[in-house]
Amino acid sequence: MIYMFISAVIALIIIFCYYQNNKIDITEYRIESDKIKSSLTIAQLSDMHSKPFKKVIEKLKAIKPDVIMITGDFINDHGKNKEKMFEIGKELLSLSPVYYITGNHERRLDYFDVLMKELSDLGFTVLLNDISEEIINGNRITVLGLDENQASFEDYKARKKGTFVYKNMQPYFDKLEKSNGFKIVLSHFPENFETVKENNYSQYNFDLQLSGHAHGGQFILPFIGPVFSPGQGLFPKYARGSFGEKPRLIISRGLGNSEFPLRLFNHPEINIIKLTKPQE
């Protein structure tokens, strides 16, 4: 009898953990802007970490986004499931254009340059400190994709010591300033929005920043919130949700896991951002 009880408890724990890691939340945001002439839907995906998540495709088929934006760590630093992730990429491209930036995991790969070419050849718009201007649904959308390359293991050690020096991204924001339309910044690291002293991104003139990296704090505890994020440490502020107005930061809790294999009260997430003209 005791063995049946133990087996039942173990089975329930396994089911619970599976649910926590595979039930996808859809979080919707609405942004009004006089730069938008007709409504436009962005799907933000982040931190898949080589998880060939078919449920993502199913969800997006129902949502029918106008554009998909991937904010890094599409493939993990072991290159796991690379070909399967390319197949996921093809399915995403069958739904809408895909904009992509790197995360810390891709940057650790020895074949980084090869991977960037492969993703570009696949059809992704790969932005490495570069800008893309497109007309989508009659709207001019300008996207700056940042390749911050700031999260090697040596970088993490420097952050703990307080000796890490952040890159000055001002030249890229200056270039963005000269462009037109609704301006979006793709940055893997959400903390760079405000906490990076003189190099913070919130000081610049753009409309929206999309970020990931923090995995929602991995665990989200009742009455406490997100628990830990690399680069921010315990109880990170920039782990989920939205901050600011203009510019506005929206953070994805991500879809996969990195080294730590379990999420707790922190389901995988797809952000859906609906851009509309101001209501009359």
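## Hairpin, sheets, helices and hollows

In the hairpin of S6 and S7, 2 residues sit between the strands, and Asn137 takes a positive phi near 55 degrees. Keep in mind that this is a predicted model. The hairpin strands belong to an open sheet of 6 strands, and another open sheet of 6 strands starts its order with S1. As for empty space, the largest pocket holds about 510 Å³, and a search of the whole structure turns up 1 cavity of 30 Å³ or more.

**The S6–S7 hairpin and its sheet**

- Strand S6 (residues 130–136) and strand S7 (residues 139–145) run antiparallel, joined by 7 bridges.
- Going across the pair, Glu133 stands opposite Thr142 in S7, while Glu134 stands opposite Ile141 in S7.
- The order of this sheet is S6-S7-S8-S9-S15-S14, with mixed pairing.
- S6 and strand S14 (241–243) are the edge strands; each has a single partner strand, so one side of each has no neighbour in the sheet.
- From one strand to the next, the twist averages 20 degrees.

**The sheet with S1**

- Here the strands line up as S1-S16-S2-S3-S4-S5, and again the pairing is mixed.
- Strand S1 (25–32) and strand S5 (125–126) take the edges, and since each has a single partner strand, one side of each is left without a neighbour in the sheet.
- S1 runs parallel to strand S16 (residues 269–276), and 8 bridges join the two.
- Looking across from S1, you'll find Ile26 opposite Ile270 in S16.

**Helix H3 against helix H5**

- Helix H3 (residues 82–95) and helix H5 (residues 112–122) have axes that come within 10 Å and cross at roughly 35 degrees.
- The crossing of H3 past H5 is right-handed.
- On the H3 side, the contact is made by Lys82, Phe86, Gly89, Lys90 and Leu93; on the H5 side, by Leu115, Glu118, Leu119 and Leu122.
- Sorted by class, this contact has 5 nonpolar, 1 polar and 3 charged residues.

**The largest pocket**

- This pocket encloses about 510 Å³ of space.
- It is lined by 23 residues, and those closest to its centre are Tyr156, Phe228, Ser229, Pro230 and Gly231.
- Helix H4 (104–107), helix H6 (153–161) and strand S12 (228–229) are the elements that give two or more residues to the lining.
- H6 gives the most, with 4 residues.
- The lining divides into 6 nonpolar, 11 polar and 6 charged residues.

**The second largest pocket**

- Its volume is about 360 Å³.
- Of its 16 lining residues, Phe164, Tyr166, Thr195, Val196 and Lys197 are the closest to the centre.
- By class, the lining splits into 6 nonpolar, 6 polar and 4 charged residues.

**The cavity**

- The largest cavity has about 40 Å³ of space.
- Its lining is made up of Glu148, Gln150, Tyr166, Lys167, Met169, Asn192, Val196, Asn199 and Tyr201.
- Those residues sort into 4 nonpolar, 3 polar and 2 charged.
- Tyr166 and Val196 turn up twice: they line this cavity, and they are also among the residues closest to the centre of the second largest pocket.

Methods:
Residues are numbered from 1 along each chain as its sequence is written. This is a predicted model: local features need pLDDT of at least 70, side-chain atom pairs count only at pLDDT 80 or more; totals for chains, interfaces and linings use all residues. Side-chain values use heavy atoms; hydrogens and water are left out. On a 1 Å grid over the protein atoms alone, a cavity is a set of points where a 1.4 Å probe fits but cannot get out, and a pocket is an open set with protein on both sides within 12 Å along at least five of seven lines; lining residues have an atom within 4 Å of a point. Grid points are joined across faces, edges and corners, and a volume is the space filled by probe spheres set on the points. Ala, Val, Leu, Ile, Met, Phe, Trp, Tyr, Cys and Pro count as nonpolar, Asp, Glu, Lys and Arg as charged, and the others, Gly among them, as polar. Two strands pair if DSSP finds at least two bridges between them. Axes are lines fitted to C-alpha atoms, for helices over the stretch in contact, and angles run from 0 to 180 degrees between N-to-C directions. A crossing is left-handed if the near helix is turned anticlockwise from the far one by less than a right angle, and right-handed if clockwise. Contact means heavy atoms within 4.5 Å.
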